[in-house]
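Welcome to a short tour of a structure with two chains. Have the model open beside you, and we will start with a single residue and work outwards.

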Protein chains: 2
Amino acid sequence: MKIHNFGAGPCILPQEVFEKAAAAVLNLNNSGLSILEISHRSAAFDEIINNAQNLVKELLGVPEGYKVLFLQGGASLQFSMVPMNYLPQDGKAAYLDTGVWSSKGIKEATLFGEVLTIASSKDKNYSYIPKGFDLPKDVSYFHITTNNTIYGTEIFEDYDVKVPLIADMSSDIFSRKIDVSKYDLIYAGAQKNIGPAGATVVIVKESFLQNKARVVPTMLDYQVHAKNDSLFNTPPVFPIYVSMLNLEWLKEQGGIDAIEKINIKKAELLYQEIERNSLFVGNVEKDSRSRMNITFSAINEDIEAKFLAICKAKGIHGIKGHRLSGGFRASLYNALPLSSVEYLVEAMQDFEKENK
Amino acid sequence: MKIHNFGAGPCILPQEVFEKAAAAVLNLNNSGLSILEISHRSAAFDEIINNAQNLVKELLGVPEGYKVLFLQGGASLQFSMVPMNYLPQDGKAAYLDTGVWSSKGIKEATLFGEVLTIASSKDKNYSYIPKGFDLPKDVSYFHITTNNTIYGTEIFEDYDVKVPLIADMSSDIFSRKIDVSKYDLIYAGAQKNIGPAGATVVIVKESFLQNKARVVPTMLDYQVHAKNDSLFNTPPVFPIYVSMLNLEWLKEQGGIDAIEKINIKKAELLYQEIERNSLFVGNVEKDSRSRMNITFSAINEDIEAKFLAICKAKGIHGIKGHRLSGGFRASLYNALPLSSVEYLVEAMQDFEKENK
């Protein structure tokens, strides 16, 4: 049975990426060596990491004056590294609280300085993106989470702010056009639209690197990683290699412009069905809806259990909602084909007919 | 041409591990999903990480009361995490300085408290392991590096000390029997005898976890990772999976006892040839010689260049010494077959005949 992988991450990657990755595990570019046994100081890996960094720059239109880093530890380690590096002990940082991941970032920042939560959608179980907030001018940075994997909301605007802007884009980077020049630092765990788990991409404005607020341990110092071009220590070779393959695939698809069109189409198709179908209801306010993680509920628990069973039987994988949000979550990352969304929509339609 | 991979790391792993890993990239256990697209919260990954942790325990004979963690960031991040967690600001830690990696650990520790370098072999370019040092009783821990990849020395003794013992075993763990009960914390980057780059193994005594010296960021807190069984955040799924495969392979070989016998044989064979061959000379004092990284020099630069060229032509890969040590370094990790060492020795013998 074909599996349609709607999992929230680590998530589906293109089949041809799996095929190329498997081939390189056996023999990298006919070198006689596996990608798993080459040195990170070899010419072969130099080419890989340079390609990966250049693809990030090219696909996102990263302007001059930015560094692209491949680190470890996921967004969770970035939650600490950001304030450790850029929030002075007597300083303040502003955070927008749009869900669990924002809250985790806030928690880590409080260890280093004062944190201003300038707006939160916690009052309605994070079902919307707050608007019209005031941003103080004396903060060291403003931190946002552009896509909220658990609740299914997304910020599509590149905020125009007068302070350094830092964004956790773990779950929507490379899914849509962004204006990188508006950000001082962007970070993203790889395991959605970049590659497999085990790598973390950081895009940082070189001038912002100078804002370091304290002495920090070497491995947690962005300046060190920038100076060493992500090769201060042994990087996660294979996750970076597969990220390169996946970004090459994205380029072949026509890049961000092309994938964004398909992502819009996929999301619209599913949201329309959720609105139309009498057995389901969306969780999120219309203007805050994520294109990557679509959260919805069944009209009662019986319907929920029945549809989950049908999904399992039909090879619709990873559709159970996060326990904090409940119901269903369909993640429509770049590599999930339109045909999988059509398959899910058809299953929802058949289910409605049988349960009316 | 067959490549004999003597690289210092990331390094050779068994061919059957490459084959199984490649198969799982295409289809994990006939699930229809790639190992690269499964959730770290899935039953499939639960089984993988549990297997991996249990194999670490079984192979090393880890006693009750220890936790095995799979983290990220390599030994380099451990250099900071160890003192951040266990060296109080008004406390002292003792370090044995046996090379670059020890020195890096010392450098990070000085950010957190007082560091006593109780002995160093820097005076002779780290060509021996210091002996007969005095260890103060009032230190929070004593830190050693059991194998020095760059210089080719190794500590074979499990020191019997009255303070908590912490060891960086990145490059010799799983190569020989150790008495884990002597250690409070052992850490190792995966990319030698464990698996591919991108995972870090920590073995920590549960009672020692209570010695936390300060509030630390969540992702840098051993207690957090222990409590969450390495699943606080998305772990490096594929590096952990391949580590599991590699430890399964080791078990099939007969475990540590069996591999240690082969490792002794491999190292003796090469050291004997270095001693016998008139064109080469060993870099390290006899009683401090590493079994994992065998460092030696040619009698002059001309001979060095010629032999490097011959190695390249013969598929002897990764044998150039680290720039700090010079000459040659042959890394004889677990997965490097005896036949590769025999092949190298034969090349050295042929080379001697042609250049006498």
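This is a predicted model. Our starting point is A:Ser230, which is buried, with 23 other C-beta atoms within 10 Å; a residue counts as buried from 20 such atoms upwards. You will find A:Ser230 in the loop between α5 (222–227) and α6 of chain A. The backbone of A:Ser230 has a positive phi, near 65°, although the residue is not a glycine.

**Backbone angles worth a look**

A:Asn29 also has a positive phi, of about 45°, and is not a glycine. Its place is the loop between α1 and α2 of chain A. Is A:Asn29 buried or exposed? With 12 other C-beta atoms within 10 Å, A:Asn29 is exposed, whereas A:Ser230 is buried.

A glycine with a positive phi comes right after helix α8 of chain A: this is A:Gly315, with phi near 75°. The helix itself, residues 301–314, lends itself to a ruler check. At 1.5 Å a residue, its 14 residues should span 20 Å, and the end C-alpha atoms are indeed 20 Å apart, so the two values agree.

There are cis peptide bonds to look at as well. In chain A, the bond from A:Gly9 to A:Pro10 is cis, and A:Pro10 sits in the loop between β1 (4–5) and α1. In chain B, a cis bond joins B:Gly9 and B:Pro10, with B:Pro10 in the loop between β1 (4–5) and α1 (15–26) of that chain. The table brings the angles together.

| Residue or bond | Angle | Value |
|---|---|---|
| A:Asn29 | phi | about 45° |
| A:Ser230 | phi | near 65° |
| A:Gly315 | phi | near 75° |
| A:Gly9 to A:Pro10 | omega | near -10° |
| B:Gly9 to B:Pro10 | omega | about -10° |

**Contacts across the sequence**

Now turn to A:Leu55, found in helix α2 (residues 43–60) of chain A. A:Leu55 is buried, with 22 other C-beta atoms within 10 Å. Which residues does A:Leu55 contact, once neighbours within four places in sequence are left aside? They are A:Met244, A:Leu247, A:Glu248 and A:Lys251. A:Ser243 makes a good pair with A:Leu55 to display: 188 residues separate them in sequence, but their C-alpha atoms are 9.7 Å apart in space.

Chain B offers another example in B:Thr98, placed in the loop between β3 (92–97) and α4 (100–109). B:Thr98 is buried, with 27 other C-beta atoms within 10 Å. Not counting residues up to four places away, B:Thr98 touches B:Ser121, B:Tyr126, B:Ile129, B:Thr145, B:Asn148 and B:Thr153. Of these partners, B:Ile129 lies 31 residues away from B:Thr98 in sequence and 6.5 Å away in space, C-alpha to C-alpha.

For chain A as a whole, take the contacts with a separation of 6 or more: 67% of them are between residues 24 or more positions apart.

**The chain and its core**

Chain A has 9 helices and 14 strands. Its C-alpha atoms fill a box of roughly 65 × 55 × 30 Å along the principal axes. A compact globule of 356 residues would have a radius of gyration near 21 Å, and the 21 Å of chain A agrees with that. Of the 356 residues in chain A, 55% are buried.

The largest nonpolar core has 218 residues, and those with the most contacts inside it are A:Val201, A:Tyr241, B:Val201 and B:Tyr241. Beyond its neighbours within four places in sequence, B:Val201 is in contact with residues including B:Val56, B:Phe70, B:Tyr187 and B:Ile194.

**How the chains meet**

How many residues of chain A are in contact with chain B? The count is 49, and they meet 49 residues of chain B. On the chain A side, the elements giving two or more residues are α1 (15–26), α3 (74–86) and α6 (237–252). By class, that side has 29 nonpolar, 18 polar and 2 charged residues.

A rotation of 180°, with 0.0 Å of shift along its axis, superposes chain A on chain B with an RMSD of 0.0 Å. The two copies are therefore related as by a two-fold rotation axis. In chain A, the residue that comes closest to this axis is A:Ala22, at 2.2 Å (C-alpha). Since 100% of the interface residues of chain A are also interface residues in chain B, the copies meet through the same surface.

Methods
Residues numbered from 1 in each chain as written. Chains lettered and ligands numbered in written order. Predicted model: local features only at pLDDT ≥ 70, side-chain atom pairs only at ≥ 80, totals over all residues. Core = buried A, V, L, I, M, F, W, Y, C linked by C-beta atoms within 7 Å. Contact = placed C-beta atoms within 7 Å. Helix = DSSP H or I, 4+ residues; strand = E, 2+ residues; numbered from the N terminus. Nonpolar A, V, L, I, M, F, W, Y, C, P; charged D, E, K, R; others polar. Least-squares fit on C-alpha atoms with pLDDT ≥ 70 in both. Rg over C-alpha atoms; globule rule 2.2 N^0.38 Å. Expected span 1.5 Å × (residues − 1).
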